[in-house]
There are 2 protein chains.
Amino acid sequence: MGKKTYEMSKIAIDPVIFTIHDAKLKVLLHIREKSPFQGKKELPGGLLLGEERAEQTLKRKLKELVGSDNLFMKQFHTFTHPDRDPRNRIVSIGFVSLINQERVKDIVRWYDYNSLRDLAFDHKIIIEHAFQYLKDNLNSSVVKHFMPKHFPINKLQEVYELIEEKEYDNRNFRKKLINSGIVEETNKLEKGVSHRPAKLFKFK
Amino acid sequence: MGKKTYEMSKIAIDPVIFTIHDAKLKVLLHIREKSPFQGKKELPGGLLLGEERAEQTLKRKLKELVGSDNLFMKQFHTFTHPDRDPRNRIVSIGFVSLINQERVKDIVRWYDYNSLRDLAFDHKIIIEHAFQYLKDNLNSSVVKHFMPKHFPINKLQEVYELIEEKEYDNRNFRKKLINSGIVEETNKLEKGVSHRPAKLFKFK
DNA sequence: GCAAAAGTGTTATTGGTACACCCATGC
DNA sequence: GCATGGGTGTACCAATAACACTTTTGC
């Protein structure tokens, strides 16, 4: 065996935090203040500190970003291309995280998934990868992280449709959902709408 | 913000290479010659060289290990616990890889998934994680990597049953498989068996 | 002719899809 | 009273599950 160089690297996490607002899928991004990619948008990532595992780094960032470290979070891919950051080699572990819109304060920093542009580094690719992961792994215990405690069934259908990029028949959707036993009716009603108010449901 | 230390780390890949031999799921492992964990079994991992992406490192290792870099390979998780290697911090990217038994020469280095013991580092956890990934993502385009070009349907059923840890009704299995159009009959027959020889099928 | 695994059909049940109209509320 | 979205049932089709016997080969 010849001489080999085993390069050291910094390790980062890149959280792709999704929420749904006004029937749009949104991602939390920052505007870069420094070069490289000054003025472009980037994922709110961070480097692993001395003794941290990636999940701890993510929790620390989530607390800072959205005030809670108790969100859905799942690794979906690790990005290792040596030139992904033009300055240093940085390996980045991509996470998907989800938050319901009621807990989002600063909606201005959240950008439509469907019109992302001017992204720094390889972050557009990372976000698309994250979305694909979400789409491929969607189920009720994932979707619930988008929803407030009480919600109308039609809002839940909307979330499925947005992420799976297909439509459901409303009658069939309700039937399947209610028969599945994963939600239950409450005695609450939707408020402040100028039409028949929906019954609110919750996850069991 | 106080002063923080952003630790550097070596980056490794740990390939969990599965095959099926004598109706058993097997994993390729090495016996460690050096401390720590001398004499224990370990995954045939490797560090990323200077300009390599993880997938390139994996291909290099696969070539070395099984003589081919053209196998199924999929990242499933990245392991970042700071004490996972007692010597240095090493972040390891776990991959699942699959190879069909006809291409395996040195079956002695392959160990039954169901009776793994004396594993070095966190490699038992990594392997169990890999198996779970495989189980959760099994489908015909994954399974085909376990199969030789021509195979009896019952062998394919056996593979599904081993990995999904459940049984199929043979008639229903054949029906579904053949109707799905993903395999087709050949005019070859199984040889060297002391019972009715099976028709051989292949993937389309 | 016996042991061993291959191969084969029918019926019942379940789940999925398609489809159109009335209801409750705010303004 | 009109606009808006909420809420409801039935019929058809497709997929899945359950189940037992005959066939072909080697020895």
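# Two chains and two DNA strands

Author: A polar side-chain atom of B:Arg196 lies 2.9 Å from a base oxygen of DNA strand D. The model in which this pair is found is predicted.

Reader: What makes the pair between B:Arg196 and the base oxygen of DNA strand D a polar contact?

Author: A polar contact needs a pair of N or O atoms within 3.5 Å. The distance from B:Arg196 to the base oxygen is 2.9 Å, and therefore the pair counts as a polar contact.

Reader: Which part of DNA strand D does the side chain of A:Asn154 reach, and which part does that of A:Arg174 reach?

Author: Phosphate, in both cases. An N or O atom in the side chain of A:Asn154 is 2.6 Å from a phosphate oxygen of DNA strand D. For A:Arg174 the corresponding distance to a phosphate oxygen is 2.7 Å.

Reader: Which residues come nearest to DNA strand D?

Author: There are 21 residues around DNA strand D, and A:Asn154, A:Arg174, A:His195, A:Lys199 and B:Arg196 come nearest. On the DNA side, sugar and phosphate make up 46% of the strand D atoms that come within 4 Å of the protein.

Reader: Which helix gives the most to the surface near DNA strand D?

Author: H5(A), with 5 residues. Helix H5 (170-180) of chain A and helix H5 (170-180) of chain B each supply at least two residues there. By class, this surface has 10 charged, 7 polar and 4 nonpolar residues.

Reader: How do you know that B:Lys199 makes a polar contact with DNA strand C?

Author: The cut-off is 3.5 Å between N or O atoms. A backbone N or O atom of B:Lys199 lies 2.8 Å from a phosphate oxygen of DNA strand C, so the pair qualifies. Bases of strand C are reached as well: a base nitrogen is 3.5 Å from an N or O atom in the side chain of A:Lys175, and a base oxygen is 3.5 Å from one in the side chain of B:Arg171. H5 of chain A and H5 of chain B are the elements that give two or more residues to the surface near strand C. H5(B) has the largest share, 4 residues.

Reader: Why is the relation between chain A and chain B called a two-fold axis?

Author: Chain A can be laid on chain B by a turn of 180° and a shift of 0.0 Å along the axis, with an RMSD of 0.0 Å. That is the relation of a two-fold axis. Moreover, 100% of the interface residues of chain A are also interface residues in chain B, so the copies meet through the same surface.

Reader: Why is B:Thr19 called buried?

Author: Buried means under 20% relative accessible area. B:Thr19 has 1%, so it is buried. B:Thr19 sits in strand E1 (residues 8-21) of chain B, and its side chain reaches the backbone oxygen of B:Ile99 at 2.7 Å. Its contacts beyond four places in sequence include B:Leu25, B:Val104, B:Trp110 and B:Phe146.

Reader: How do you know that E1(B) and E2(B) pair?

Author: Pairing requires at least two bridges. E1(B) and E2(B) are joined by 4 bridges and run antiparallel, so they pair. B:His21 stands opposite B:Lys24 in E2(B). The hairpin has 2 residues between the strands, and B:Asp22 takes a positive phi near 50° in it.

Reader: What makes strand E2 of chain B largely enclosed?

Author: Of its 5 residues (24-28), 4 are buried, so E2 of chain B is largely enclosed by the rest of the structure. E2(B) also pairs in the antiparallel sense with strand E8 (residues 110-112) of chain B, over 3 bridges. There, B:Trp110 is the bridge partner of B:Leu28.

Definitions and conventions: Residues numbered from 1 in each chain as written. Chains lettered and ligands numbered in written order. Predicted model: local features only at pLDDT ≥ 70, side-chain atom pairs only at ≥ 80, totals over all residues. Heavy atoms only, no water. Least-squares fit on C-alpha atoms with pLDDT ≥ 70 in both. Contact = heavy atoms within 4.5 Å. Near = heavy atom within 4 Å. Polar contact = N/O pair within 3.5 Å; in protein donor to acceptor, adjacent residues only side chain to side chain. Nonpolar A, V, L, I, M, F, W, Y, C, P; charged D, E, K, R; others polar. Buried < 20%, exposed > 50% of the residue type's maximum accessible area, 1.4 Å probe, protein only.
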